[in-house]
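I opened the model in the viewer and kept a running log. These are my entries, in the order I made them.

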Amino acid sequence: MRVKNIKDADIKLLEYKDYYLEKSNEYKGKWKELFKNNNPIHLEIGMGKGKFLKESAKLNPNINYIGIEKSSTILLKAVRMISTSKLKNIYLLNIDASNLLDYFASSEISHIYLNFSDPWPKDRHAKRRLTAPSFLRKYQDIIVNSGVIEIKTDNENLFNYSLETLEEAKFLIKEQSSNFDSKKRNIVETEYEQKFKESNKTIYYIKVVKMTTKKRMKLYEDLANLHGPSGDEGQVRDYLLKVYRAEADEILRDGLGSVFGMKKGKKDEPVIMIAGHMDEVGGMVTRLQENGFVKFINIGGVVPNVWVSQNVVIQTAKGKVKGVVGSVPPHMGAAGEITVDSLFIDVGAESKKDLEKYGIKPGDFLTFENDYYVTKNKNRIVSKAWDNRFGTGMALEVFRELKNIEHPNTVICGATVQEEVGLRGAKTSSQMVKPDLFIAIDVSPVGDATPGPGDSFGKLNGGFLIRFYDPGNIMNPKMLEYVEGLAKKHKIDYQFFLSKGGTDAAIAQYAGSGCFSITIGLPGRYIHSNTSMIDVRDVEAVKAIVLEIIKDFSKERLLELKQWKYISLAKIKQK
Ligand code: SAH
């Protein structure tokens, strides 16, 4: 919008305290208090001179409206016009949309309008478009599940671009039109819209909704509820084989049970291998006792206390058998130190014969029983097996996204087996593939919930984890600079993470004569137990960085990172 700057507009704005809010993040999370009611909040980004907002607020007294506008001159015009009304359901902010998260908390907004945003026609300015991925991630965060975004534009390129980015960001496209008439739909016309209509321009329109967390994460729900302790990953493998077979150029399998799908890239370009691990921690039946109790051992690292009084499921040849790990009730005195040796599973059997009848045998595997659920918060989800059905699902999600991105690389996505008992499937499968870059996607325990040592790292909703050190794998410093540079460039949230454990990256680094091998981590709480919690916003960050790495990677980049041919990495950030 071209207007002559009004002198001291930002100071003049202060005269309109009923409608104009000074730049301050004190409203974040408190908008409902400010409006003094519980009505839904609609936000127009780039509101211009405020016609749409004022008329909408008048028509819909039960909706609260917030307008943001980066130009103080334009906002002053808007606030002058709105102040002649007596509306109580409207506030204006003089901010840039890139700072939305400083002003709005998660799920505070029900509806966003982008009316005739600047189209930024040049490709190199695409990042400034208000439907660029970094903006969409912010909208995802501040709008509620099933929240709506409506976009109007006269620019066909922006329309097409937005359809792509919205779809990639997992918004559900409800409506798209290249011949839109607000009047026919009883929607308020904006100022620009009127102008464009008068000059017979086409108006493009898109309406999307934010998918519910449940729907967005359905793949993970399906995967997480499967049974798959290390060594018994058949259910997960069958699931993966079905989808990779349908979508991959080629399937790769190692002799231990790991499964990968390949999308071929250009000749002589790098091979990127992206792996979750399909196994989870659990247990194995060792002995059936005469009294009908079942003895077991750990599969993977589970602290003995975690088992006590948990429901478990034993997978037998005859099907599932549920039981509970016995504990000593307080009436019978303190239990003393707990070892897995001292524990047993009570499936309700009265004798060894009963157990045999149920099909239980030494060597049967068991897992915790705890079905996946989305918490009240909507962004956080609980499951027994985030570690690591998350990585398994994310590798698959990334694989499915490959058809939508440009890059020259051969990409191999899938899942290893037996990570929890010593990175076994990663050893065999990385030797089979010999990638140039191995990316382990795994869940790491962050320190925001456990009072433990002060040296713990990370939190939920802080972004993906750059795992710069663990005892089995030191992140190559050039690689670290590279990943951090890409995250900064694409405005993806990240956190540095140090771990005392290990991931598949520790063993994959030995593939061939050695390769780049990194872990992109998802923050998780309480892992290696019957339950764990993650945050979907971190899931989006993991996905975003992995895709940016694939998009940016090439033969040249590989050489650069290896420093076999030196080009300053500062260049990536400028590109
Ligand atoms: N929505 C109005 C005005 C459209 S013009 C209408 O339909 O009539 C686009 C407006 O968006 C301009 O006033 C411009 O200053 C504002 N704008 C562009 N980028 C912005 C950003 N990043 N943050 C806030 N406002 C922005």
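**Entry: S134.** I started with S134 and asked whether it is buried or exposed. S134 is buried, because its relative accessible area is 14% and the cut-off for buried is under 20%. I keep in mind that this is a predicted model. I placed S134 in helix α6, which spans residues 133-142. Then I looked for its contacts, leaving aside neighbours within four places in sequence. I found H490 and K491.

**Entry: the ligand.** Next I went to the ligand and listed what surrounds it. There are 18 residues around the ligand. E44, G46, E69, A97 and T190 come nearest. I then checked polar atoms. Which ligand atom does the backbone of G46 approach? A backbone N or O atom of G46 is 2.8 Å from a nitrogen atom of the ligand. For N115, a backbone N or O atom also lies by a ligand nitrogen atom, at 2.9 Å. T190 uses its side chain: an N or O atom there is 2.8 Å from an oxygen atom of the ligand. I also looked up the cover. On its own the ligand has 570 Å² of accessible area, and the protein covers 95% of that.

**Entry: helix α3.** I picked helix α3, residues 51-59, and asked which of its residues are buried. They are K51, F52, L53, K54, S56 and A57. I followed these buried residues to their packing partners. The strands on that list are β2 (41-45), β3 (64-68), β4 (90-93) and β5 (109-115). The helices are α4 (72-82) and α8 (191-198).

**Entry: hairpin β9-β10.** I moved on to β9 (residues 250-253) and β10 (residues 259-263). They run antiparallel and are joined by 4 bridges. E250 has M262 in β10 as its bridge partner. The two strands form a hairpin with 5 residues between them. In the turn, G257 has a positive phi of about 125°.

**Entry: strand β11.** Why do I call β11 largely enclosed by the rest of the structure? Strand β11 covers residues 271-277, and 6 of its 7 residues are buried, so the rest of the structure largely encloses it. I traced its pairings. With β20 (residues 410-416), β11 pairs in the parallel sense over 7 bridges. There, I272 has V411 as its bridge partner. With β21 (residues 437-445), β11 also runs parallel, and 4 bridges join them. A275 stands opposite A440 in β21.

**Entry: the barrel.** I followed 6 strands round until they closed into a barrel. The order is β12-β13-β16-β15-β14-β17, with antiparallel pairing. I checked one pair in detail. β15 (residues 319-325) and β16 (residues 345-346) are antiparallel over 2 bridges. V325 has I345 in β16 as its bridge partner.

**Entry: Y358.** I then stopped at Y358, in helix α13 (residues 352-358). Y358 is partly exposed, with a relative accessible area of 30%. Not counting residues up to four places away in sequence, Y358 touches T316, K318, V321, V347 and A349. I also looked up the distance to Y372, 14 residues apart from Y358 along the chain. Their C-alpha atoms are separated by 26 Å.

**Entry: the open sheet.** What is the strand order in the open sheet of 3 strands? I read it as β18-β19-β26, with antiparallel pairing. β18 (373-374) and β26 (532-535) are the edge strands, each pairing on one side only. β18 and β19 (residues 380-383) pair over 2 bridges. V374 stands opposite I381 in β19. I found helix α18 (residues 536-552) lying across β19 and β26. α18 runs at about 65° to β26.

**Entry: backbone oddments.** I closed with backbone angles. A cis peptide bond joins D387 and N388, with omega about 5°. N388 lies in helix α14 (residues 386-401). K434, a residue other than glycine, has a positive phi near 50°. I found K434 in the loop between α15 (424-433) and β21. H528 is another residue other than glycine with a positive phi, near 60°. H528 sits in the loop between β25 (516-524) and β26. I noted H528 as partly exposed, with a relative accessible area of 25%.

Technical notes:
Residues numbered from 1 in each chain as written. Predicted model: local features only at pLDDT ≥ 70, side-chain atom pairs only at ≥ 80, totals over all residues. Heavy atoms only, no water. Pairing = 2+ DSSP bridges. Contact = heavy atoms within 4.5 Å. Axes fitted to C-alpha atoms, helices over the stretch in contact; angles between N-to-C directions. Buried < 20%, exposed > 50% of the residue type's maximum accessible area, 1.4 Å probe, protein only. Near = heavy atom within 4 Å. Polar contact = N/O pair within 3.5 Å; in protein donor to acceptor, adjacent residues only side chain to side chain. Areas by Shrake-Rupley, 256 points an atom, 1.4 Å probe, with all protein chains shown as cover.
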